[in-house]
Amino acid sequence: MTVTATAPIAVDPRIRELAESLTLEQQVSLLTGADVWSTVEIPEIGLGRIVLSDGPAGVRGEDFDERHDSISLPSSSSLSAAWSVDVARRYGQVLGQEAHRKGVHVVLGPTINLHRSPLGGRHFECMSEDPVLTAQLAAGYVTGVQSTGIGATPKHFVANDAETDRFTADSVVAERPLRELYLAAFEQAVTEAKAWLVMSSYNSINGTTASENPLLETPLSTEWGFDGVVVSDWTGVRSIDAAKAHQDLEMPGPVGHWGPKLVAAVESGEVSREAILEKVTRILRLAARVGVLEGFEPAVTEQPAEIDGRAFAREAAVRGSVLVRNENNLLPLTTAGLKRVAVIGHNASEARTQGGGSATVMPLQIVSPLEGLREALPDDVELTYSRGAKVADGLQEFPRTSLSNPVAGVPGLRVSFFDATGAELSGEDRLASHLIWFGVGIPEGTSRIRIQTEWTAPDDGVHHLGVGTVGEVKLILDGDVVFDGELVDEHDVLGAALFSPPQKTFPVSTTAGQRVSVEAIFTLPESQVIPFSAILLGEETVVDDADAEIAAAVEAAREADVAVVVVGTSAAIESEGFDRKDLDLPGHQDRLVAAVAAVNPRTVVVVNSGSPVLMPWRNDVDAILLGWFGGQEFGAAIADVLLGAEEPGGRLPTSWPAALEDVPVLNTTPVDGKVHYEEGIHIGYRAWLKQAADGGASPAYPFGFGLGYTSFALGAASADASAAAGEDVTVSAPVTNTGSRPGREVVQVYVARSDSAVDRPVRWLAGFGSVTLEPGATGAVEISVPARAFAHYEDGWQYEAGQFQLLVGRHAEDDFQELTVEVR
């Protein structure tokens with residue numbers, strides 16, 4: 001399977017000449033950001049600033065302002081579950097469109113580190129445990145972004161597969177797994193899709209921090225021909241030594257480790273002038289490609305046909321949904337004869353649609369599963385809702401519909417900025433009660449920020465209202481000062497307090513519809529290296545009797561024709577900045593599912609998590625649908641799949657275990673600063689297969705697995721009988737839809753070598769393809785198995801002559817058709 005690359009700008013000698021025309025000080029100034037999100041401009045040569053923005057599942061722009069909303073697409077684990085390069089390409093194009101709308105030139109994505117351990121905190125943001133699946137989808141994503149003239153940034157290069165001590169951890173990886181797994185995940189994005197940027201990671205690789213690592217030269221720039229910009233992760237440049245490597249751009253700015261120190265290093269001969277010229281040339285080439293360098297034609301002058309972002313977000317969530325259990329063909333639900341549906345679960349009403357950290361974007365609207373089902377079900381079907389078990393811990397921002405701006409008389413909040421004398425500098429009307437400023441948005445000279453709103457209580461009872469921030473803050477509820485003090489950040493991760501700040505809550509007794517005045521006054525710190533602040537006003541869910549909540553949900557399920565239980569994780573479980581401690585669902589969700597299933601066998605569980613969770617009740621419910629972090633249209637997509645308007649299109653991009661102790665590669669915690677990749681080439685399903693061959697456990701659901709609403713027959717596959725070393729092999733497989741509904745089948749080809757002199761996995765993915773068929777129709781799937789699939793790395797790519805087995809099937813543990821190919 002190949003991906004058409006965006007045509008690169010021809011090497012234009014004028015770019016090098018322009019770089020040479022600059023003074024040393026001007027050249028060096030271009031190598032550190034102008035601020036948090038953009039590069040330095042030099043108007044006299046026609047160079048504008050290049051604006052960069054997080055990604056990778058939406059384009060936020062230069063601020064976290066909810067008034068500047070973004071399309072929120074499903075997370076990368078959901079994207080990869082689609083097993084579709086076409087979906088990945090269109091996903092990238094939507095991001096490119098969003099970048100244009102936001103005035104952004106570079107999207108900081110895709111994140112393509114591998115799912116080495118299911119405990120990885122950023123698992124949701126990465127694609128897969130397999131380098132072939134990851135590489136093909138990453139190339140599709142990059143092609144889609146850059147087809148719009150926006151630069152894509154595969155990250156984080158490389159072996160940045162966990163969050164624990166991520167700034168200092170040293171990933172100790174042997175050359176063979178580094179080449180065959182971790183670098184291979186990046187390769188096609190560079191060699192085929194021609195990415196315009198690559199982001200270096202925080203961690204070290206084999207003792208050298210990524211921004212100084214020789215891997216930036218070889219293989220990235222030399223073997224792969226990368227002619228773009230290597231941008232650091234934010235604060236990832238640690239010294240002048242990075243300038244001696246192939247690190248091109250230090251972010252953020254304007255203060256960093258280069259600047260005047262780098263000028264002095266060049267003048268002293270410590271860093272060569274040629275190294276500086278090469279970096280500047282690459283940055284100017286990027287500027288030309290994205291259209292901010294006068295006199296040079298941008299890489300893309302005509303935009304592709306526009307994709308409806310919201311409609312695509314819904315489609316992508318459907319395509320990534322994975323049905324792993326469907327006993328008695330409970331799904332799709334038929335509305336004929338359906339009288340009552342019990343929707344249960346905290347995540348049903350407060351869905352987790354995206355992961356935490358820098359990937360966060362602010363969509364205009366979010367459709368929860370509860371809302372999606374309520375909209376999709378016929379009017380004569382009664383829908384009940386029970387929370388059942390609390391999931392989200394700590395303060396959650398107020399629903400926007402519950403807030404009234406007391407100054408402007410419109411929904412939302414009033415935010416006012418004051419200087420040190422108490423004079424008001426400016427004010428603005430905001431919509432959301434979680435306010436984040438990262439680099440921009442706070443007027444210069446601001447000393448204090450005041451937030452005012454009126455919150456309407458949804459019901460009678462005690463509500464726990466509060467404030468979250470870092471620093472000095474005063475909280476006033478209905479005119480009473482309930483807190484006036486300092487909240488201290490205990491995180492050791494840059495920016496973590498933006499999303500999960502320290503908090504104080506206070507009980508307030510209300511009647512339904514009562515308005516409560518909420519005011520917070522925040523004092524800014526006197527100085528910050530990187531200017532960022534956050535204030536969260538909201539309510540904490542406090543459950544006094546967990547058993548009573550479960551009991552209420554059980555009664556609702558008992559009276560219903562079907563129970564839909566939505567379980568999932570929270571921001572405290574899956575986020576940038578930390579790894580998971582276990583794979584358990586938080587709170588009492590396992591008890592909830594077991595209790596519901598005990599009274600209603602027609603129970604569907606929707607899993608709202610970005611990565612694997614344990615499901616001890618999985619054999620006690622009729623259906624399980626994995627919905628991942630499904631983006632802003634998550635609930636609409638879930639309703640589409642449950643009610644049969646759409647087929648669950650996904651296959652697992654990573655293995656799901658039955659028990660934590662079964663996982664063959666688990667640890668993410670450095671020992672003496674090092675994470676030893678002792679498993680070598682055996683990660684993910686490769687490790688599971690090796691473990692099973694030695695008599696150990698298999699996963700609950702294997703890599704590549706997924707069910708649908710129809711059935712398929714895989715006919716006799718065929719392939720070339722032999723190939724010279726370095727030649728691709730084509731596998732052809734006929735597929736027939738033997739069921740009664742249209743559907744899509746994904747055919748997977750694995751390679752095995754039973755008599756090898758080389759340590760190899762039991763089998764490894766070589767390629768995949770899919771076909772969508774009407775009932776009774778037959779179609780052929782052709783899958784190109786690249787020559788590299790037969791190679792191993794040992795002082796270069798080596799080919800072991802002899803017979804390899806091509807295994808054609810539907811997942812990593814299927815009953816395969818076996819073909820033989822002779823590699824000469």
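Q: Is Glu180 buried or exposed, and what is its relative accessible area?
A: In this predicted model, Glu180 lies in helix H6 (residues 175–191), as does Arg176, four residues away and about one turn of the helix apart. Because buried means under 20% relative accessible area, Glu180 counts as buried, with a relative accessible area of 13%.

Q: How far apart are the closest N and O atoms of the salt bridge between Glu180 and Arg176?
A: The partner Arg176 is itself buried, with a relative accessible area of 17%. Between Glu180 and Arg176 the closest N and O atoms of the salt bridge are apart by 2.6 Å.

Q: Which residue meets Glu66 in a salt bridge?
A: Glu66 sits in the loop between strand S1 (52–54) and helix H3 (76–81), and the pair links distant parts of the chain, the partner being placed in strand S15 (residues 424–430), 364 residues apart. Glu66 counts as buried at 3% relative accessibility, and its partner is also buried, with a relative accessible area of 2%. The side chains meet at 2.8 Å, N to O, and the residue that pairs with Glu66 is Arg430.

Q: Which side chain makes a polar contact with the side chain of Thr209?
A: Thr209 belongs to strand S7 (residues 208–209) and, at 10% relative accessibility, counts as buried. Leaving aside neighbours within four places in sequence, Thr209 is in contact with residues including Tyr202, Asn203 and Ser204. The polar contact of the Thr209 side chain, at 3.0 Å, is with the side chain of Arg238.

Technical notes
Residues numbered from 1 in each chain as written. Predicted model: local features only at pLDDT ≥ 70, side-chain atom pairs only at ≥ 80, totals over all residues. Heavy atoms only, no water. Helix = DSSP H or I, 4+ residues; strand = E, 2+ residues; numbered from the N terminus. Buried < 20%, exposed > 50% of the residue type's maximum accessible area, 1.4 Å probe, protein only. Polar contact = N/O pair within 3.5 Å; in protein donor to acceptor, adjacent residues only side chain to side chain. Contact = heavy atoms within 4.5 Å. Salt bridge = Lys/Arg side-chain N within 4 Å of Asp/Glu carboxyl O.
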